[in-house]
2 protein chains.
Amino acid sequence: MNGIQEAVGSIPSGSTNRDTMKHRKCGVFSFSAYGIMVVRGSENTSLERGLAMTDQKNPRISLETLERFMVDVLVGVGLPTEDAEIVADVLVTADKFGIDSHGIGRLKPIYYDRIKEGILNPITTIEVLREGPTTAVIDGHHGMGHVISKRAMEMAISKAKEYGMGMVAVRNSSHYGIAGYYTLMASNAGMIGITGTNARPSLAPTFGVEPMLGTNPLTFTMPSDEEFPFFLDCATSASQRGRIEVYARMDKEIPEGWVVGNDGQSRTDTHAILRDLTTGDAALTPLGGLSETSGGHKGYGYTTVVEILSAALQGGAFLHALSGFKDGKKVPHALGHFFIAIDIESFTSLDAFKKTTGDILRALRASKKAPGQERIYTAGEKEYLASLERTKYGVPIGESLQKDIRELVQELDLDYDFPF
Amino acid sequence: MNGIQEAVGSIPSGSTNRDTMKHRKCGVFSFSAYGIMVVRGSENTSLERGLAMTDQKNPRISLETLERFMVDVLVGVGLPTEDAEIVADVLVTADKFGIDSHGIGRLKPIYYDRIKEGILNPITTIEVLREGPTTAVIDGHHGMGHVISKRAMEMAISKAKEYGMGMVAVRNSSHYGIAGYYTLMASNAGMIGITGTNARPSLAPTFGVEPMLGTNPLTFTMPSDEEFPFFLDCATSASQRGRIEVYARMDKEIPEGWVVGNDGQSRTDTHAILRDLTTGDAALTPLGGLSETSGGHKGYGYTTVVEILSAALQGGAFLHALSGFKDGKKVPHALGHFFIAIDIESFTSLDAFKKTTGDILRALRASKKAPGQERIYTAGEKEYLASLERTKYGVPIGESLQKDIRELVQELDLDYDFPF
């Protein structure tokens, strides 16, 4: 683990984890599957350096404080404490992993506001519609996606413990945070975890220009003998809105191949794209990009796999019906998810599996690097590195998030002394 | 299905399925996930038109004749008739679907020659090493991958019928042909089918240049209410050797992003690439291409998922150990695969699942097309179109394949009157 220790050690020593921490510089940033990540040695260093977020404008807050704050906000808006703790744990795990697009940044717009708008139910009622030895279908009745999904993966794990495999399909759920939270539950239980979810339409099929599919993550976690599991938590799109917003903040054009315009061509005009993604006049592309030549039809295929698995097993909504609007009015998103747990000890010893997985990952990292590249990563490594850094130094809070937090403190009359 | 009828109808009418057919012209070709496909309306039409293979040089042979010929060859080289029929059925299914890279073209180099070299066992012995309600590990003892894999998926389906899910991990297998053959078995049984396999190292990790991973397909099939299922059978690499060979035959440079050189840059010098892929001085890239910006780390992640699932559940070989060489000598490839079946009726009615799947696919196809695009496809559609065309007109046989076939006829003293 020398490489990892070294990377973490590159953060200035002698720092303390103070919520009021300022003027900190940290390592080189690079994109993770979701968003932004604190690690060294990557491509685009000059660009990513521009993303360093720990400075006067972006003070850090400890994970503990963030989590406590989120619980208070969620209880304040009507969640039972137990449920608020689950939601906050999912969100703060994203912040810990450096997946800033899915952490506290979503607390107000995606959860708090939607609860207040009446399209997300703070009281989660889970109904088991159908159950077999290894399978179940549950209805979340538009409650909190995290609470529903944690229960769903617990059921899948419990079935896998008994029968070797388990799969739960979920209907009428809502945004469940990082998909990887649930697959980590499986890997922590000595299992392979798989999940996926549909999402509001934003991605066009190959040869198409209309936003039809979600960014639909297809996520896998597998235990290894290292300090972190193999953890692939990524959208099946080439990119996503959160990354485009980062370019907008820097007034830079986005790379070719992320977005297709109405004319079928790649678009890079960042600010206009953000507007047109909302109106449907631009669409995200699948992993592999715009053309069959670059493999876009494969990514589009995997996005469709997730769309089908998320909807067809539970008779739920799909494609345009997930937009969150009906007849011009906001309505629940009615998302569907699926959760799979595979018990490793039904096949082999857990230690043997972990060692093979670790051996594969170590061999990949040790393979010949491209000139100029300092290291090769495996999936989950950047999230692990970020977790070490953020556990120690806290989470940088940008300006628009500071505003959200201030508003929540005020609206709910909470007692927090944030440094902004 | 009008679009499909129309596409098939575009082949000159009045043709008959004669093995000696010559001078035929057919529709526009485009790439499928694996290789080449007979369909109209795609990108790169001028390039793909160059691939039209039904002409004087590429006479067509009927599927029935091809299959019978393959059975005879395989029996001739030592397979029991029953096993030869399985292998031939897998191979001819690839030819039927237009996946020419995985059909009769592989009969001699990948199966016949390897059996004669003593690194592939024509007598397949399947040993069940471990079995639970939903799981099993089987050892193929370096027999025929198709025979082993068909048995493995049958076991997974049988377990899923009883318990809702089934998964079988396979060790010491060999090249199993198109992955989709096995997932189609599941969808034909009213199930979701998933499979993957490792393969000899040819793909470099993101930021790396060394061939470490295989092109590792991750394949899904799901029943729909249409005439063909959702069928995503693709490698997790951006491209593959077979496609590069097509460019070589046309003396054209390959597109950017398919291959990485030792210098870490994209290479397009087709002929030199084919040499350097063999020596390890060039490597394929993952789906998403060379960089994290284009999403290559996601494709690399999925390739690694398949590598782990194919090896770690059965304690088998991985990465370099799959090269087929040891101490300069040819050895069995010792491939690993996994097969998953998920019983749909454990969740919902099969008809409801099929209708939702069909509705999703129809909506995708009916969505707004990019200017100049005639149609949007869904996964499995091109294979279906090819199967209609090839069932009617047979499979075009190129020059190097004609040579292989002539050699096999001669070596085994078979009685076939091929038109070449």
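**Exercise 1. Work out the strand order of the open sheet in chain A, and find its edges.**

Step 1. Read the order. The open sheet has 7 strands, running β4-β5-β6-β14-β7-β8-β9 in chain A, and its pairing is mixed. Strands here are DSSP runs (E, at least two residues), helices are runs of H or I with at least four, and both are numbered from the N terminus. Two strands pair if DSSP finds at least two bridges between them.

Step 2. Find the edges. β4 (127-131) and β9 (230-232) of chain A each have a single partner strand, so one side of each lacks a neighbour in the sheet.

Step 3. Add the twist. On average, neighbouring strands of this sheet are turned by 15° against each other, direction ignored. Axes are lines fitted to C-alpha atoms, for helices over the stretch in contact; angles run from 0 to 180 degrees between N-to-C directions.

A note on the model. It is predicted: local features need pLDDT of at least 70, side-chain atom pairs count only at pLDDT 80 or more, and totals for chains, interfaces and linings use all residues. Residues are numbered from 1 along each chain as its sequence is written, while chains are lettered from A and ligands numbered from 1 in the order in which they are written.

**Exercise 2. Place β7(A) among its partners, and decide whether its residues are buried or exposed.**

Step 1. Take β14(A). It runs antiparallel to β7(A), and 7 bridges join the two. A:Gly193 stands opposite A:Ala341 in β14(A).

Step 2. Take β8(A). Its pairing with β7(A) is antiparallel, over 4 bridges. A:Ile194 has A:Phe220 of β8(A) as its bridge partner.

Step 3. Check burial. A residue is buried if 20 or more other C-beta atoms lie within 10 Å of its own, exposed if 12 or fewer, and partly exposed in between, with C-beta atoms placed from the backbone. In β7(A), 7 of the 7 residues are buried, so the strand is largely enclosed by the rest of the structure.

Step 4. Sort the directions. A:Met191, A:Gly193, A:Thr195 and A:Thr197 point one way from β7(A). A:Ile192, A:Ile194 and A:Gly196 point the other way.

**Exercise 3. Compare a parallel pair in chain A with an antiparallel pair in chain B.**

Step 1. In chain A, β5 (135-139) and β6 (165-173) pair in the parallel sense over 5 bridges. A:Thr135 is bridged to A:Met167 in β6(A).

Step 2. In chain B, β6 (165-173) and β14 (335-343) pair in the antiparallel sense over 7 bridges. B:Gly166 stands opposite B:Ala341 in β14(B).

**Exercise 4. Identify which strands helix α10 of chain A touches, and at what angle it runs to β14(A).**

Step 1. α10 (296-311) of chain A lies across β7, β8 and β14 of chain A. Contact means C-beta atoms, placed from the backbone, within 7 Å.

Step 2. The angle to β14(A) is about 95°.

**Exercise 5. Describe the side of chain A that touches chain B.**

Step 1. Count residues. Chain A gives 79 residues and chain B gives 79.

Step 2. List the elements. Those giving two or more residues on the chain A side are β1 (29-31), β5, β6, β8, β9, α10 and α11 (350-366). α10(A) gives the most, with 9 residues.

Step 3. Sort by character. The chain A side divides into 39 nonpolar, 31 polar and 9 charged residues. Ala, Val, Leu, Ile, Met, Phe, Trp, Tyr, Cys and Pro count as nonpolar; Asp, Glu, Lys and Arg as charged; the others, Gly among them, as polar.

**Exercise 6. Analyse the contact between domain 1 and domain 2 of chain A.**

Step 1. Set the bounds, which come from an automatic or database domain assignment. Domain 1 is 2-117 + 377-412, and domain 2 is 127-238 + 285-347.

Step 2. Count the contact. It joins 20 residues of domain 1 to 17 residues of domain 2.

Step 3. Name the helices. On the domain 1 side, α4 (81-96), α5 (107-117) and α12 (381-393) each supply at least two residues. α4(A) gives the most, with 7.

Step 4. Sort by character. The domain 1 side has 12 nonpolar, 4 polar and 4 charged residues.

Technical notes. Two residues are in contact if their C-beta atoms, placed from the backbone, lie within 7 Å.
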